[in-house]
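Q: I am new to this structure and would like a close look at one part of it, namely the places where the chains meet. Please take me through them slowly, in connected prose.

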Amino acid sequence: MKFALAVYGAPANSQAPQSALHFARAVVAQGHEIVRLFFYQDGVNTATAIAQPPQDEPDLPNEWQVFIQEHELDAVVCIAAALRRGVVDQAEAERYQLSNHNLRAGYELSGLGQLLDGALMADRLITFGA
Amino acid sequence: MKTLHTVNKSGQPMALCLRAVATGDSVLLIEDGVYELLSSGKKIEALPDDCSLYVLDVDARARGVSLPEHIKVIGYDDFVALAVDHDNVLSWF
Amino acid sequence: MSQSVCIISTRAPYSGQAAREALDAALVSASYEIPTSLLLMGDGVFQLLKGQETSDIPRKNLSAMLQVLPLYGIETIYVDQVSLDERGLNVEDLHDAITILGQGELPLFIQKHSKALNF
């Protein structure tokens with residue numbers, strides 16, 4: 001079965017990215033397919049490369065990145081939501097002449113259409129809200 | 001047509017879920033939704049008899065919420081299986 | 001079953017970006033020519049209040065965005081009656097193009113769509 005997962009909460013103020021990661025691991029373990037991960041609203045903060053949780057706390061952004069890369073998942077971060085919240089890739093940083101870029105490898109910035117596209121192509125859309 | 005409803009808080013998300021729930025649907029309490037099991041109002045008592053109620057084990061345990069016997073306690077593997085078994089998933093948050 | 005989308009928006013308009021970003025999802029869905037319904041529930045019904053004047057807060061006027069929905073083929077906004085009643089809101093205080101769904105109508109309404117997206 002094809003799953004699309006949407007994550008709308010940030011690691012520091014919701015459990016959404018953590019719940020979604022647990023769920024995604026179980027999806028893969030059962031032999032189902034994740035056709036799209038979509039990070040929207042505050043969920044875009046999951047994709048920042050410059051968060052560094054204290055050593056005695058789980059490093060969720062890193063865990064997500066490892067999982068995405070290990071399973072070669074299509075991980076999309078909504079570009080409008082990300083720009084609003086200071087998550088940008090190199091191309092956007094250059095476009096808007098920002099001093100830095102911080103999107104983790106493994107993620108791609110793209111439009112909100114990718115959420116709809118994911119919802120329509122998957123058998124199930126599971127949303128993890130804030 | 002069966003829907004799995006996930007509920008991640010016991011306030012508005014639980015109330016809206018109860019309004020959207022239909023005969024044969026299932027409700028899964030996750031994250032802060034597990035506090036619904038403690039709440040004095042017990043909105044979940046309004047759940048129709050033919051709906052199943054589940055709670056995610058890790059979230060209940062993390063919060064020290066003890067589980068009544070009639071509740072089905074499940075893990076993420078079962079969560080995925082429930083999503084597969086239902087036609088649709090609605091997420092109330 | 002041909003595809004159709006129900007966007008369920010449950011947040012008040014200006015506390016965070018959730019209401020705005022739900023509306024964006026509805027607009028994107030409709031602009032792909034997918035039959036799209038916008039359903040407001042809970043605090044989401046506050047989006048419908050007339051007379052929103054946002055020039056003094058750093059937010060785009062959501063009320064104005066609702067006015068353009070018909071251009072995208074979203075002719076009416078569906079509203080949960082119970083949510084209005086709980087908040088003491090009357091139809092005359094609200095955006096004009098709405099369709100009220102009474103208690104008990106919601107499950108079937110949502111199920112009519114092939115996909116539902118919660119916000």
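A: What follows is a walk through the contacts of chain B with chain A and with chain C, and then a salt bridge that joins chain C to chain A.

The model is a predicted one, and the description begins with the contact between chain A and chain B, to which chain A gives 19 residues and chain B gives 18 residues. Between them these two chains bury about 1500 Å², of which 58% lies on carbon and sulfur atoms. On the chain A side, the residues that lose the most area to chain B are Q15(A), F23(A) and R124(A), which together account for 31% of what that side buries.

As for polar features, the count of salt bridges between chain A and chain B is 0, while 11 residue pairs are in polar contact, both residues of each pair being at pLDDT 80 or more. Two elements of chain A, helix 1 (16-29) and strand 5 (124-128), each supply at least two residues of the side that touches chain B. Helix 1 of chain A provides the largest share of that side, with 6 residues. Sorted by class, the side of chain A that touches chain B consists of 11 nonpolar, 7 polar and 1 charged residues.

Helix 1 of chain A also deserves a look of its own, together with its partner in chain B. Its axis and that of helix 3 (residues 76-85) of chain B come within 9 Å and cross at roughly 75 degrees, which means that helix 1 of chain A is roughly perpendicular to helix 3 of chain B. From helix 1 of chain A, the residues S19(A), H22(A), F23(A), A26(A) and V27(A) take part, and they meet Y76(B), D77(B), F79(B), V80(B) and A83(B) in helix 3 of chain B. The residues of this helix-to-helix contact comprise 7 nonpolar, 2 polar and 1 charged. F23(A) thus appears here in the contact with helix 3 of chain B, and F23(A) is also among the residues of chain A that lose the most area to chain B.

The contact between chain C and chain B can be read in a similar order. It draws 19 residues from chain C and 14 residues from chain B, and the two chains bury about 1400 Å² between them, with 54% of it on carbon and sulfur atoms. In chain C, the most area is lost to chain B by P107(C), Q111(C) and N118(C), together 38% of what that side buries.

Across this interface of chain C and chain B the rule finds 2 salt bridges, and in a salt bridge between these chains the side chains of D80(C) and R19(B) meet at 2.4 Å, N to O. The interface of chain C and chain B also has 8 residue pairs in polar contact, both at pLDDT 80 or more. Helix 3 (81-86), helix 4 (106-111) and strand 5 (115-118) of chain C each supply at least two residues of the side that touches chain B, and the largest share, 4 residues, comes from helix 4 of chain C. By class, that side of chain C has 8 nonpolar, 6 polar and 5 charged residues.

Finally, the structure holds 16 salt bridges over all chains. One salt bridge is formed by E21(C) with R84(A), whose closest N and O atoms are 2.6 Å apart. This pair crosses between chains, running from E21(C) in helix 1 (residues 18-31) of chain C to R84(A) in helix 3 (residues 79-85) of chain A.

Terms used. Residues numbered from 1 in each chain as written. Chains lettered and ligands numbered in written order. Predicted model: local features only at pLDDT ≥ 70, side-chain atom pairs only at ≥ 80, totals over all residues. Heavy atoms only, no water. Contact = heavy atoms within 4.5 Å. Buried area = accessible area lost by both parts, 1.4 Å probe. Salt bridge = Lys/Arg side-chain N within 4 Å of Asp/Glu carboxyl O. Polar contact = N/O pair within 3.5 Å; in protein donor to acceptor, adjacent residues only side chain to side chain. Nonpolar A, V, L, I, M, F, W, Y, C, P; charged D, E, K, R; others polar. Axes fitted to C-alpha atoms, helices over the stretch in contact; angles between N-to-C directions. Parallel < 35°, antiparallel > 145°, perpendicular 65-115°, else oblique.
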